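The following paragraphs lead the reader through one protein model, from its sheet to its helices and aromatic side chains. Please keep the sequence and the structure in view while reading.

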Amino acid sequence: MTTIDATMSAVIESALRAAIRAPSVHNTQPWRFVTGPSHVELHLDRDRILAVADPDSREARLSCGAALFTLWLALRAGGRGAVVDLLPDTDRPDFLATVRITGERAASPELDTLAAAIDRRITNRRPFAQRAVPAPDRWALVRAAESEGGQLLLLDDPRGLGALAVLLRRADHLQEDDPDYQVELRKWTVERAGCDDGVPLSAGGPRPLGGNLLALRRYHSDDATVVRSFEQDPLVAVLATSGDTVRDQVRAGQALQRVLLTAAAAGLSASFLSQPMEVPFTRGALRQLIGGRDHPQTVLRLGYGQSLARTKRRSVAAVSDLPVHDTVVGEKESDT
Ligand SMILES: Cc1cc2nc3c(=O)[nH]c(=O)nc-3n(C[C@H](O)[C@H](O)[C@H](O)COP(=O)(O)O)c2cc1C
């Protein structure tokens, strides 16, 4: 193991604590960090890929991209320069990035605001308030995606939203009927109870009242039998990229996290509607729906939700080679 001086070790440990708060599909946390004297490598952890829902590891790369953005942000907000080098070794496609720490560099108010939202960002699968998201906040979300090389397409037009809802229901039905998908979902929900990964029963939402526009993924949850009415005019957005290479997928994850933190900083909650992304036919149809050129990477529902407990994470020691004195990562977080 490379020796890292104490100051740099503390800087990296603090940035890694932030990075592991990133969202990941089914809370699989498919990342592994390798540290050096003034850099951090990010690797995809192949043992944590969803073989059924995500056989190409695309969503795992998005999750890693979200952790990468958070790592970079935490370093920058901590007054360090940080330079991201994507896919530094062409022979090792799971070596996703290196973040080099380049001395001291003042943060900006915008980065400070985003960094302050890292711990507040929580996936919220519950109904949102019947309150429209104001135009300036919508544009801030669009700009956030653009600044990381993505496009966020807001489905403002009722026809577009209706067409997405049809694809969502179609993909959701296919997954509900797929026994392998169900086994995998159970593995990352009920069977992870008490673990520091997976989606806890307390994080799932209620079932939408009949006739609801959007089909949310049905996690095993404490509220699975509760039926509630959801917001009638949801803000739904498709995050897309111009290509669909490994690099594009990591970039999509960086853009995703910048959008989510921009939303959290504006007091907005978000949840994901990934089902159409995980079925090739519906992903292709969604691509046509957004114009046929860009590649959809994920779908978000945004609005005003109530605060929730954070879900657990594996410790920095468990996901990196950094010798750390871990505090209780699950503190104040959801236990089941
Ligand atoms: C690429 C990706 C896809 C996801 N898809 C879904 C989804 O379809 N439905 C859902 O409720 N949550 C989805 N999530 C959210 C994760 O389940 C969530 O990030 C994880 O459980 C950790 O919880 P947290 O976001 O509250 O920290 C997705 C997250 C990522 C990064």
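Two strands are said to pair if DSSP finds at least two bridges between them. Helices (H or I, at least four residues) and strands (E, at least two) are DSSP runs, numbered from the N terminus. The model is a predicted one: local features need pLDDT of at least 70, side-chain atom pairs count only at pLDDT 80 or more, and totals for chains, interfaces and linings use all residues. Residues are numbered from 1 along each chain as its sequence is written, and side-chain values use heavy atoms, with hydrogens and water left out.

The sheet is the starting point. Its 4 strands form an open sheet in the order β1-β2-β4-β3, and the pairing is antiparallel. At the edges stand β1 (31–36) and β3 (80–86), each of which pairs on one side only. From one strand to the next, the twist averages 20 degrees; angles run from 0 to 180 degrees between N-to-C directions, and axes are lines fitted to C-alpha atoms, for helices over the stretch in contact. Strand β1 is joined by 6 bridges to β2 (residues 39–44), and these two strands run antiparallel. Within β2, Glu-41 is the residue opposite Val-34.

Two helices accompany this sheet. Helix α1 (residues 6–19) lies across β1, β2, β3 and β4 (95–104), and runs at about 165 degrees to β1. Helix α2 (residues 58–77) also packs on the sheet, where it touches β1, β2, β3 and β4; contact means heavy atoms within 4.5 Å. The direction of α2 makes about 155 degrees with that of β3.

Which residues of α2 form an aromatic pair? They are Phe-69 and Trp-72, whose rings are tilted, with 5.6 Å centre to centre and 40 degrees between the planes. Rings of Phe, Tyr and Trp (its six-membered ring) pair if their centres lie within 6.5 Å; planes under 30 degrees apart count as stacked, over 60 as edge-to-face and the rest as tilted. A search of the whole structure finds 1 such pair. Both residues lie in helix α2, 3 residues apart, or about one turn of the helix.

Elsewhere, the axes of helix α5 (residues 158–176) and helix α8 (residues 280–289) come within 10 Å and cross at roughly 175 degrees. Helix α5 is therefore roughly antiparallel to α8, a term for angles over 145 degrees, whereas those under 35 count as roughly parallel, 65 to 115 as roughly perpendicular and the rest as oblique. Among the residues that meet are Leu-164 and Leu-167 in α5 and Phe-281 and Leu-286 in α8.
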